[in-house]
Amino acid sequence: MVNLPRRIYNKIKIFLFVLLCVSGLGCENEFDPLQENDRYVFSMYGTFDIHADTNWVRVMPITETLIPRDPEPNGTTVTMIHQRTGEETQLQPKLLRFSGNVYVWNYWTTKELEPQEEYMIRAESSAGNQSYAIITIPSELEIPDVTYMEENESGEIRGNSEDTLVTLDFSYLVQVIRNRVVEPEVEVLISNLDDINLKTNGDYCAEIDNVEKLEEILLANRDEMIVNRRELVVISSSEDWPHLADLSEEEVVLPDVVSNVVNGTGFIAGIAKRKIVITSKRIAAENTPKRECL
């Protein structure tokens, strides 16, 4: 049974948040390069998901400027190289503007990824200076079977993963009713990663009971709550996923501590991500064989 301390899962969630935020997935945080730099060329952050139609990586030159405000092209080229075949795919640039005239460059590709293969993600400046990371793409992740009961926010998840599971989260869009007033939606994220029972063949199952966790988060002066959406997010990654157990939550986000970028800083990961919208009494198809996990 997976039974790591809660602090480790908190570190995984922080690391994933940072990684996904700066990968062009909707987080509008300013990017702060290093103030002093005598050996880094680029910062590179992103995930390459075998199930995604489009994959993104954020690549920024590391300069003495804390906040990037220049929207002009900087001459950076980003290339994905399939290590086994040598095939090269040039990623396309996209400029993003955040509040306060902060500009960052994301690079994207729709190139299909192959499981259990290595790829180099290389950034090169107009002067020929390079930073790069080599990642391993995990196997495809099976869509888990989910049985879920809305009335008590409980259920069961069963699946199989050939690689390490790094996320098993429920995302809830909730409206709280206080004094007969329905408040705007808020997102509540609950990790059930430490509820997993795992077998050596990769089969896993988890008994879910999230109603108390939801109530605890939304308890203050609450009359009632309305759950408008339930979504399960499962992510697996290859063996090059960083070991976070011995790091503090502050160290997890430091550029030098968790980085796989050569001549640069940041982290790029190969992942397999599944999102499942949960409906009441969602049950696996009858022809799906049941697994014994307990």
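The following exchange introduces a predicted model of a protein chain.

Colleague: How many helices and strands does the protein chain have?

Modeller: The chain runs to 294 residues, of which 47% count as buried. Its elements of secondary structure comprise three helices and 17 strands.

Colleague: Among contacts between residues at least 6 apart in sequence, what share joins residues at least 24 apart?

Modeller: One example of separation in sequence is offered by Gly46, which belongs to strand β1 (residues 42-49). Gly46 and Tyr107 stand 61 residues apart in sequence, with 9.6 Å between their C-alpha atoms. For the chain as a whole, among contacts between residues at least 6 apart in sequence, the share that joins residues at least 24 apart is 69%.

Colleague: Is Gly46 buried or exposed?

Modeller: Buried residues are those under 20% relative accessible area. The relative accessibility of Gly46 is 0%, and therefore Gly46 counts as buried.

Colleague: Which strands lie at the edges of the open sheet that contains β10 and β15?

Modeller: The sheet has four strands in the order β9-β10-β15-β14, with antiparallel pairing. The edge strands each pair on one side only, and they are β9 (145-149) and β14 (196-198).

Colleague: How many bridges pair strand β10 with strand β15?

Modeller: Strand β10 covers residues 154-160 and strand β15 covers residues 203-209. Within this pairing, Gly155 stands opposite Ile208 of β15. The two strands pair in the antiparallel sense, and the number of bridges is seven.

Colleague: Why can strand β16 be described as largely enclosed by the rest of the structure?

Modeller: Strand β16 spans residues 224-237, a run of 14 residues. A residue counts as buried under 20% relative accessible area. Strand β16 is largely enclosed because the number of its residues that are buried is ten.

Colleague: How many bridges join strand β11 to β16?

Modeller: Strand β11 (residues 164-178) and β16 run antiparallel. One of the paired positions is Val176, whose bridge partner in β16 is Met225. The number of bridges that join β11 to β16 is 13.

Colleague: Which residue in β17 is the bridge partner of Ile235?

Modeller: Strand β17 (residues 264-277) is joined to β16 by seven bridges, and the two run antiparallel. In β17, the partner of Ile235 is Lys273.

Colleague: What kind of aromatic pair do Trp56 and Trp108 form?

Modeller: The structure holds three aromatic pairs. In the pair of Trp56 and Trp108, the ring centres are 6.3 Å apart and the planes meet at 45°. Planes under 30 degrees apart would count as stacked and those over 60 as edge-to-face, so the pair is tilted.

Colleague: How many residues apart in sequence are the parts that this pair ties together?

Modeller: Trp56 lies in strand β2 (residues 55-61), whereas Trp108 lies in strand β6 (residues 102-109). The pair therefore ties together parts whose separation in sequence, in residues, is 52.

Colleague: Which residues form one aromatic cluster?

Modeller: Aromatic rings pair if their centres lie within 6.5 Å. One aromatic cluster is formed by Tyr148, Phe170 and Tyr172.

Colleague: Is Asn179 buried or exposed?

Modeller: Asn179 is found in the loop between β11 and β12 (181-182). Although Asn179 is not a glycine, its phi is positive, at about 50°. The relative accessibility of Asn179 is 66%, and the cut-off for exposed is over 50%, so Asn179 counts as exposed.

Methods: Residues numbered from 1 in each chain as written. Predicted model: local features only at pLDDT ≥ 70, side-chain atom pairs only at ≥ 80, totals over all residues. Heavy atoms only, no water. Phe/Tyr/Trp six-rings, centres within 6.5 Å; stacked < 30°, edge-to-face > 60°. Buried < 20%, exposed > 50% of the residue type's maximum accessible area, 1.4 Å probe, protein only. Pairing = 2+ DSSP bridges. Contact = heavy atoms within 4.5 Å.
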